[in-house]
Amino acid sequence: MGVILMLVFIGGIIFLLRSTMRSDKKEMPEMNVKEIERLLDEEVDFYKKIQTSERKENFKQRVIRFIQHVRFTDVGKAKHNLLDEVLIASSAIMPLFSYPDWEYKNIREILLYDDHFDGNYQTDEKNHIMGMVGDGAMNDTMILSLPALREGFERNDGSQTALHEFVHLIDKADGTVDGVPEYLIPKSLIEPWLRHIRAGILDINQQESSINPYAATNESEFFAVISEYFFEKPELLRRESY
Ligand SMILES: [Zn+2]
């Protein structure tokens, strides 16, 4: 079973996430709508490549709706701007764009840090955290490093922190972040799905893969890292026969 097929299954998330977002809706001035459109046009490659104007409009509307319903909170010295909100919302919409009317219902707030932070989640080469999905009291919260968010869109190197964290959120919709979006996969396919992931992890551990070794951490990290490649470096996935 290929990864593309795996990602297609995510479409089932529509069933899980379509009910109305729970947080309050923010007003969006017309000026900001125009600015969001400009930022998408200039800064988001995925948006630039969308073929039809209807689909572009659909992407833009979902980005706006996400921004209206999620709180973005700066922590410490961080100072985010509208572009950062557009990049985060785009990262949320990209993995599920093929499904026209879904919404996340497991995210209310995004905490933005001005640097990479310490912990036990996704790390960069210096072992600093770039993003994480909250648990327990932090449920419905995502933490992102602003520099890592921006780097994800500036460099086309297969790394995209915000998208990685949204894939964890999709994974988490069934209650556990385990690499298996259980509501979405027919029971009979869970075993082949896991076999595919574990074979990929084995390839990395035996150094027979050029995928980021962080993917070998566990099944959920493999799912999230492979999704980053799917959007940033699909040709590398084809070469690796995923
Ligand atoms: Zn991760």
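This is a walk through a predicted model of one protein chain, with most of the time spent on how its helices pack.

Let's begin with the whole chain. Its secondary structure comes to 11 helices and five strands. There are 242 residues in the chain, and 51% of them are buried. You can also ask how far along the sequence the contacts reach. Taking contacts between residues at least 6 apart in sequence, 68% join residues at least 24 apart.

Now find helix α6, residues 82-93. The helix has 12 residues, and from its first C-alpha to its last it reaches 16 Å, close to the 16 Å expected at 1.5 Å a residue. How many of the residues of α6 are buried? The count is 11 of the 12, so α6 is largely enclosed by the rest of the structure. The buried ones start with Leu 82, then run from Asp 84 and Glu 85 through Val 86, Leu 87, Ile 88, Ala 89, Ser 90, Ser 91 and Ala 92 to Ile 93. You may notice that Asp 84 and Glu 85 are on that list of buried residues too.

What packs against this helix? Two partners are worth a look, and a general point helps with both. Two packed helices are described by the angle between their axes and the distance between those axes.

The partner to take up now is helix α3, residues 30-43. Here α3 and α6 pack at an angle of about 65°, and their axes are 10 Å apart. Since angles of 65 to 115 degrees count as roughly perpendicular, that makes α3 roughly perpendicular to α6. The crossing of these two helices is right-handed. On the α3 side, the contact is made by Asn 32, Glu 35, Ile 36, Leu 39, Leu 40 and Glu 43. On the α6 side, Leu 82, Leu 83, Val 86, Leu 87 and Ser 90 take part. Sorted by class, the residues of this contact are seven nonpolar, two polar and two charged.

The other partner is helix α8, residues 161-172. The axes of α6 and α8 come within 8 Å and cross at roughly 45°. These two helices are therefore oblique to each other, and the crossing is again right-handed. In this contact, Ile 88, Ser 91 and Ala 92 in α6 meet Ala 162, Leu 163 and Phe 166 in α8. By class, the contact of α6 with α8 has five nonpolar residues, one polar and no charged.

Let's zoom in on one residue of that contact, Ser 91, which is found in helix α6. Is Ser 91 buried or exposed? Its relative accessibility is 0%, so Ser 91 counts as buried. Setting aside residues up to four places away in sequence, Ser 91 touches Phe 153, Gln 160, Ala 162, Leu 163 and Phe 166. Take Leu 163 from that list. Along the chain, Ser 91 and Leu 163 are 72 residues apart, yet their C-alpha atoms are separated by 4.6 Å.

Follow the chain on from α6 and you come to the loop between α6 and β2 (109-113), where Glu 103 has its place. Glu 103 has a relative accessible area of 13%, and because buried means under 20%, it counts as buried. Looking back towards the helix, Glu 103 and Ala 92 are 11 residues apart in sequence and 9.6 Å apart in space, C-alpha to C-alpha.

Next, hop over to the loop between β4 (129-133) and β5 (141-145), where Asp 140 is found. The phi of Asp 140 is near 70°, a positive value in a residue other than glycine. At 16% relative accessibility, Asp 140 counts as buried.

The last stop is another helix pair, α9 (residues 187-205) and α10 (residues 219-232). They pack at an angle of about 85°, with axes 10 Å apart, and that makes α9 roughly perpendicular to α10. From α9, the contact draws on Trp 193, Leu 194, Ile 197, Arg 198, Gly 200, Ile 201 and Ile 204, while α10 brings Glu 219, Phe 222 and Phe 223. The classes in this contact are seven nonpolar, one polar and two charged.

In the loop between α9 and α10 sits Gln 207. Gln 207 has a phi near 55°, also a positive value in a residue other than glycine. At 71% relative accessibility, Gln 207 counts as exposed, whereas Asp 140 counts as buried.

Notes: Residues numbered from 1 in each chain as written. Predicted model: local features only at pLDDT ≥ 70, side-chain atom pairs only at ≥ 80, totals over all residues. Heavy atoms only, no water. Axes fitted to C-alpha atoms, helices over the stretch in contact; angles between N-to-C directions. Helix = DSSP H or I, 4+ residues; strand = E, 2+ residues; numbered from the N terminus. Parallel < 35°, antiparallel > 145°, perpendicular 65-115°, else oblique. Left-handed = near helix turned anticlockwise from the far one by under 90°. Contact = heavy atoms within 4.5 Å. Nonpolar A, V, L, I, M, F, W, Y, C, P; charged D, E, K, R; others polar. Expected span 1.5 Å × (residues − 1). Buried < 20%, exposed > 50% of the residue type's maximum accessible area, 1.4 Å probe, protein only.
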